[in-house]
Amino acid sequence: MKFVSWNVNGIRSIGKKEALRWIDDIDLDFLSLQEIKATLDQIPKDLFNREFKNLYVSSSVNKGQSGVATYTNIDIDYYSNCYEVDILKEGRINELHFNNIAYFNVYFPNGKRSTERLEYKLSFYNRFLVHINGLRDRGYHIIFCGDINTAHKEIDLARAKENEDISGFLPIEREWIDRVIKDGYIDAFRYKYPNKKDRYSWWSMRTRARERNVGWRIDYFFVSNDLKKKIVDCDILDDIKGSDHAPIILDLDIE
């Protein structure tokens with residue numbers, strides 16, 4: 001099975017740029033988009049030509065902000081917007097269950113705006129980890145993807161020293177990813193490419209950072225340890241433009 005995750009920074013903008021047309025040319029089972037900034041009725045119908053049987057959308061109560069959407073042809077046993085984690089109803093989670101797998105498309109909060117938003121980001125992190133651990137304890141395999149809004153290690157951003165006091169690379173944020181890994185979840189990209197440098201998924205649009213590859217790896221696929229041996233590949237599709245993020249792709253040897 002193949003999964004694609006992309007923070008599109010506005011699905012209507014992506015539609016105008018025709019920046020999702022590449023989806024027609026690849027084999028995939030799940031297309032998970034973050035920061036769509038739209039409601040279901042505002043999502044363009046002509047983003048790509050291929051048809052998906054199912055579209056799941058969680059939109060923010062704050063119009064024009066956040067929001068996630070997941071396209072799939074897989075039959076889903078259970079769907080939730082997961083408001084027990086996304087308590088402010090900002091449209092941050094699609095939770096889908098199929099074949100004893102709990103799959104999450106998540107746009108995690110950004111903590112740069114204020115101390116209050118950083119505190120909310122950390123509380124969101126904690127609620128999410130409790131939630132997926134509970135599902136795993138009930139026997140579910142876990143896959144989660146999306147914009148985590150934190151670079152884990154110095155290898156995951158171009159200028160670590162300059163950003164060690166900035167939300168997105170604060171020790172307390174990075175420690176949460178340590179906890180995720182300690183709790184038995186695998187960063188699929190680092191599992192395949194443990195020492196790969198200069199691979200990023202987000203670049204500031206204000207400084208021509210993408211042209212200079214001054215970026216951050218803040219978009220991830222994580223799988224529970226019981227799926228580790230199923231990871232065929234995980235990569236960043238950094239040649240695809242249209243957003244300040246690059247899409248990421250996960251290939252798992254499961255049916």
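Here are some exercises with worked solutions on the sheets, pockets and cavity of this predicted model.

**Exercise 1. Trace the sheet that contains β1**

Work out the strand order of the open sheet that holds β1 and β14, and explain why one side of each edge strand is left without a neighbour.

*Solution.*
- Step 1: Walk across the sheet from one side to the other. Its six strands come in the order β3-β4-β2-β1-β14-β13, with mixed pairing, and the sheet is open.
- Step 2: Look at the two ends of that order. β3 (54–58) and β13 are the edge strands, and each has a single partner, so one side of each has no neighbour in the sheet.
- Step 3: Add the twist, which averages 10 degrees from one strand to the next.
- Step 4: Zoom in on one pair. Strands β2 (residues 30–34) and β4 (residues 68–72) run antiparallel and are joined by five bridges. Within this pair, Q34 has V68 of β4 as its bridge partner.

**Exercise 2. Trace the sheet that contains β8, then add its helices**

Find which strands stand at the edges of the open sheet that includes β8, and which strands helices α2 and α3 touch.

*Solution.*
- Step 1: Set out the order, which is β5-β6-β7-β8-β12-β9; this open sheet of six strands is also of mixed pairing.
- Step 2: Pick out the strands that pair on one side only. These edge strands are β5 (78–80) and β9 (185–187).
- Step 3: Note the average twist from one strand to the next, 15 degrees.
- Step 4: Check a pair inside the sheet. β8 (residues 141–147) is antiparallel to β12, with five bridges between them; I143 has V223 in β12 as its bridge partner.
- Step 5: Place helix α2 (residues 115–137) on the sheet. Helix α2 touches β6 (93–98), β7 (101–107), β8, β9 and β12, and its direction makes about 170 degrees with that of β7.
- Step 6: Do likewise for helix α3 (residues 171–182), which packs on the sheet through contacts with β8, β9 and β12. The direction of α3 makes about 25 degrees with that of β12.

**Exercise 3. Describe the two largest pockets**

For the largest pocket and the second largest pocket, give the volume, the residues closest to the centre and the make-up of the lining.

*Solution.*
- Step 1: Start with the largest pocket, which holds about 880 Å³ of space. Its lining has 39 residues, and N110, K112, N149, W202 and D244 lie nearest the centre.
- Step 2: Sort that lining by class: eleven residues are nonpolar, 15 polar and 13 charged. Elements supplying at least two lining residues each are β10 (202–203), α5 (209–212) and β11 (215–216).
- Step 3: Turn to the second largest pocket, with about 240 Å³ of space. Of its 15 lining residues, P44, K45, F48, L55 and Y71 are closest to the centre.
- Step 4: Sort this lining too: eight nonpolar, two polar and five charged residues.

**Exercise 4. Find the cavity and its walls**

How many cavities of 30 Å³ or more does a search of the whole structure find, and which element gives the most to the lining of the largest cavity?

*Solution.*
- Step 1: Count the cavities at that cut-off: the search finds one. The volume of the largest cavity is about 40 Å³.
- Step 2: List its lining, made up of D187, A188, F189, R217, D219, Y220, F221, C234, I236 and I248.
- Step 3: Assign residues to elements. Two or more come from each of α4 (188–192), β12 (219–224) and β13 (231–236), and β12 gives the most, with three.
- Step 4: Finish with the classes: seven lining residues are nonpolar and three are charged, with no polar ones.

How values were computed:
Residues numbered from 1 in each chain as written. Predicted model: local features only at pLDDT ≥ 70, side-chain atom pairs only at ≥ 80, totals over all residues. Heavy atoms only, no water. 1 Å grid on protein atoms, 1.4 Å probe; cavity = no way out; pocket = protein on both sides within 12 Å on 5 of 7 lines; lining within 4 Å. Points joined across faces, edges and corners; volume = space filled by probe spheres on them. Helix = DSSP H or I, 4+ residues; strand = E, 2+ residues; numbered from the N terminus. Nonpolar A, V, L, I, M, F, W, Y, C, P; charged D, E, K, R; others polar. Pairing = 2+ DSSP bridges. Axes fitted to C-alpha atoms, helices over the stretch in contact; angles between N-to-C directions. Contact = heavy atoms within 4.5 Å.
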